[in-house]
Amino acid sequence: MAPEVLPKPRMRGLLARRLRNHMAVAFMLSLGVAALYKFRVADQRKKAYADFYRNYDVMKDFEEMRKAGIFQSVK
Amino acid sequence: MAHAAQVGLQDATSPIMEELIIFHDHALMIIFLICFLVLYALFLTLTTKLTNTSISDAQEMETVWTILPAIILVLIALPSLRILYMTDEVNDPSFTIKSIGHQWYWTYEYTDYGGLIFNSYMLPPLFLEPGDLRLLDVDNRVVLPVEAPVRMMITSQDVLHSWAVPTLGLKTDAIPGRLNQTTFTATRPGVYYGQCSEICGANHSFMPIVLELIPLKIFEMGPVFTL
């Protein structure tokens, strides 16, 4: 009865293959990290500034601060 | 001013500072990208038993890791230069104030419409009122208008100082024998703080800057300078 022959395992280039595959994953993940920061932090901050200044009333803000007593030059 | 344990930039009070914050976000995004890549590569190196002690001739990889950093540097340089030139734009300031650094206080001169000159010393701890900020508050604040371009001429009478207000994105060296100019347009009223930013002796940390920004029409009425 002939013994079952297993396929010859891969014996060369193991490190190169590992690095090639993982570097592709690393690039994709790092682009993902950058995209996450851009959309969740940077774009949110730009939107927060735009929303703040859209209906901003300088005199109203100033009057609130003046009543709170923070200014020395105007009481 | 910064709140306790703050690590990020202060909220912007001028359009230039808003641009600087956006640029900082852009540069930090690139930093996170590179750091993640490097940490991942380090993790790969530390979690394998596979080795290759005869690596040579990796021309493709060498090309990639030369071209890619060059592209990243260009992506950082272009917005940086844009903001640099934006800060030098001629915007016809409506008001000029001189700021003169001394050891260890600032002198401010309002000479456009009169001859107001005063010194601004840090409030010593014994002179603080409840609510005053230790090491930040001063006896005489710089009162300036909001939504009007202001020009600051900065110099020093003795050694190097630097006039800095982080929320406006300003930092200009005060150099004896030289007049440096910086301009800004504030967008919000309030009280804003800065500190001397060039080592100038024993009390370098004790010569702060305090700006009181008030609406232009209130400023034009001539607020009372508490001198």
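Two strands pair if DSSP finds at least two bridges between them. Keep that in mind for strands E2 and E3 of chain B: 5 bridges join them. One caution before I go on: this is a predicted model.

Let's start with that pair. Do E2(B) and E3(B) run parallel or antiparallel? Antiparallel. For a landmark, take Trp106(B), which stands opposite Ser120(B) in E3(B).

Now the whole sheet. What is the strand order? Reading across, we have E3-E2-E1-E5-E8, all in chain B. That makes 5 strands in an open sheet, and the pairing is mixed. Which strands stand at the edges? Strand E3, residues 116-120, and strand E8, residues 180-184. Each has a single partner strand, so one side of each is left without a neighbour in the sheet. As for twist, neighbouring strands here are turned by 20° against each other on average, with direction ignored.

Stay in this region for a backbone detail. Between Gln103(B) and Trp104(B) there is a cis peptide bond, with omega at about 5°. Where is Trp104(B) found? In the loop between strand E1, residues 95-102, and strand E2, residues 105-110, of chain B.

A second backbone point is Asp57(B). Its phi is near 55°, a positive value in a residue other than glycine. Asp57(B) also has its place in a loop, here between H1 and helix H2 (59-87) of chain B.

Next, the other sheet on my list. It is open, has 3 strands and follows the order E4-E10-E9 in chain B. Pairing is mixed here too. The edge strands are E4, residues 142-145, and E9, residues 190-194, and each pairs on one side only. Neighbouring strands in this sheet are turned by 30° against each other on average, again ignoring direction. How many bridges join E9(B) to E10(B)? There are 5, and the two strands run antiparallel. E10 covers residues 209-214 of chain B. In this pair, Gly190(B) stands opposite Leu213(B).

That brings us to the interface. Chain B puts 41 residues in contact with 34 residues of chain A. About 3,200 Å² is buried between the two chains, and carbon and sulfur atoms give 73% of that area. Which three residues supply the most on the chain B side? Asp25(B), Tyr40(B) and Leu44(B): together they supply 17% of the area that chain B buries against chain A, more than any other three residues.

Asp25(B) comes up again in the charges. The count between the chains is 1 salt bridge. The side chains of Arg45(A) and Asp25(B) meet in a salt bridge, at 2.8 Å from N to O. Polar contacts between chain B and chain A come to 9 residue pairs, both partners at pLDDT 80 or more.

Which elements of chain B supply at least two residues each to the side that touches chain A? Helix H1 (15-46), E9, E10 and helix H3 (216-220). H1(B) gives the largest share, 13 residues. By class, this side of chain B has 25 nonpolar, 7 polar and 9 charged residues.

To close, one link. E9(B) and E10(B) are joined by 5 bridges, and both also supply residues to the side that touches chain A.

Methods
Residues numbered from 1 in each chain as written. Chains lettered and ligands numbered in written order. Predicted model: local features only at pLDDT ≥ 70, side-chain atom pairs only at ≥ 80, totals over all residues. Heavy atoms only, no water. Helix = DSSP H or I, 4+ residues; strand = E, 2+ residues; numbered from the N terminus. Axes fitted to C-alpha atoms, helices over the stretch in contact; angles between N-to-C directions. Contact = heavy atoms within 4.5 Å. Buried area = accessible area lost by both parts, 1.4 Å probe. Salt bridge = Lys/Arg side-chain N within 4 Å of Asp/Glu carboxyl O. Polar contact = N/O pair within 3.5 Å; in protein donor to acceptor, adjacent residues only side chain to side chain. Nonpolar A, V, L, I, M, F, W, Y, C, P; charged D, E, K, R; others polar.
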